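This report describes one protein chain, beginning with its overall form and then turning to three of its residues. Please keep the sequence and the structure in view while reading.

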Amino acid sequence: MPRIAFITGANRGLGRATALALARNGLRIVVASRGDASDVVHQIVDAGGDAIAIRLDVANLTSIEAARVAALASIAQKWNATTIDVLVNNAGVGLFAPLGDISAEHFDTTFAVNVRGPLFVTQAFLPHLSEEACIVNVSSSLSRHVSPATSVYAASKKALEALTRSLALELGPRGIRVNSIAPGPTATDFNGGAMRDSDAMREALSGQTALGRVGEADEIADAILALVSPGLRWATGERLEVSGGALL
Ligand SMILES: NC(=O)c1ccc[n+]([C@@H]2O[C@H](COP(=O)([O-])OP(=O)(O)OC[C@H]3O[C@@H](n4cnc5c(N)ncnc54)[C@H](OP(=O)(O)O)[C@@H]3O)[C@@H](O)[C@H]2O)c1
């Protein structure tokens, strides 16, 4: 039976690219997003894959519970399945400000989406993860190197990596692998689309990478595919940086 992947923030950017990549490789996809993501489902189905859409705001515990109920009902009805095999905690926000401009709201929103969200989404689906399921938490290369005005975001991603390692240990006895992926600058809507749309930003960031450019969404998606593939079945608690060699 094809594996089922549940991907948060799958309506655009890295989440969408991951949904498409995993679908191309035979996984059934639960596209979880705050807004309508029927276009992603159509794109997958048009390409010969299989997907359903679920509404989910990862910062809201009521929404997480509703998404759990809706996802389980849908996968039972559509695929006669009861478990999720791959969980990609991708949804995230990048709010950047120097110390003097950081508000409590900036901090709370960042941690609610980037840390609390993945934790409680994982908790919600824990009883419904198959044996040998894979969880991938989307971190950032900014958890390793520093950049101006990114303190809260970097701290949230470092916290996510700490969760990843703890949960890898905790869930190991069930055969569940938990890893994080740390993309470098990638051309999406992130940070106002700067890595995609600003020549000055692209040039500056490209100069910091060994491969001399910023990343594309499908390059991160393919790395997530690799993490949930049998070739990496012995890897858990790991952080895989995919950044073209940023600031080595
Ligand atoms: N692009 C980069 O350079 C880069 C580098 C390192 C790490 N990352 C990480 O990669 C992940 C995806 O980023 P991206 O580049 O694809 O950025 P993006 O294009 O801005 O997409 C962000 C995604 O997160 C979703 N999201 C935000 N808050 C949410 C919430 N409360 N509940 C559910 N979904 C929520 C957004 O949904 P809406 O459409 O509803 O807003 C959107 O789907 C993030 O975790 C980000 O931190 C990105």
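The text below treats the whole chain and then individual residues.

**The chain as a whole**

The structure is a predicted model. The protein chain contains eight helices and nine strands. Its radius of gyration is 17 Å, close to the 18 Å given by the globule rule for 248 residues, so the chain is as compact as a globular protein of that length. Along the principal axes, the C-alpha trace spans about 50 × 35 × 35 Å.

Of the 248 residues, 50% are buried. The chain exposes about 11,500 Å², and carbon and sulfur atoms supply 55% of this area. If one considers contacts between residues at least 6 apart in sequence, 67% of them join residues at least 24 apart. As for charge, the chain carries 21 positive and 24 negative side chains, and the centres of these two sets lie 4 Å apart.

**Three residues**

The following table gives the place and the relative accessibility of each residue to be discussed.

| Residue | Place | Relative accessibility |
|---|---|---|
| N114 | helix α4 (residues 104-125) | 1% |
| V242 | strand β9 (residues 239-242) | 21% |
| S243 | segment after β9 | 11% |

Is N114 buried or exposed? Buried means under 20% relative accessible area. N114 has 1% relative accessibility, so N114 counts as buried. A polar atom of the N114 side chain lies 2.9 Å from the backbone nitrogen of V93. Apart from neighbours within four places in sequence, the residues in contact with N114 include A91, G92 and V93, and also Y153, S156, K157 and L160.

V242 belongs to strand β9, which covers residues 239-242. V242 has a relative accessible area of 21% and is therefore partly exposed. Which residues does V242 contact, leaving aside its neighbours within four places in sequence? They are I181, A182, P183, G184, E219, I220 and A223. From C-alpha to C-alpha, V242 and A223 are 7.4 Å apart in space, while 19 residues separate them in sequence.

S243 is found in the segment after β9. With a relative accessibility of 11%, S243 counts as buried. The side chain of S243 makes a polar contact of 3.2 Å with the side chain of E241. Beyond its neighbours within four places in sequence, S243 is in contact with G184 and T209. G184 is also among the residues in contact with V242.

Notes
Residues are numbered from 1 along each chain as its sequence is written. This is a predicted model: local features need pLDDT of at least 70, side-chain atom pairs count only at pLDDT 80 or more; totals for chains, interfaces and linings use all residues. Side-chain values use heavy atoms; hydrogens and water are left out. Helices (H or I, at least four residues) and strands (E, at least two) are DSSP runs, numbered from the N terminus. The radius of gyration is taken over C-alpha atoms; the globule rule is 2.2 Å times the number of residues to the power 0.38. Buried means under 20% relative accessible area, exposed over 50%, partly exposed in between (1.4 Å probe, protein chains only). Contact means heavy atoms within 4.5 Å. Accessible areas come from the Shrake-Rupley method with a 1.4 Å probe; for residues, only the protein chains shown count as cover. Lys and Arg count as positive and Asp and Glu as negative; His and the chain ends are not counted. The place of a charge is taken as NZ of Lys, CZ of Arg, CG of Asp or CD of Glu. A polar contact is a pair of N or O atoms within 3.5 Å; within protein, one must be able to donate a hydrogen and the other to accept it, and residues adjacent in sequence count only if both atoms are side-chain atoms.
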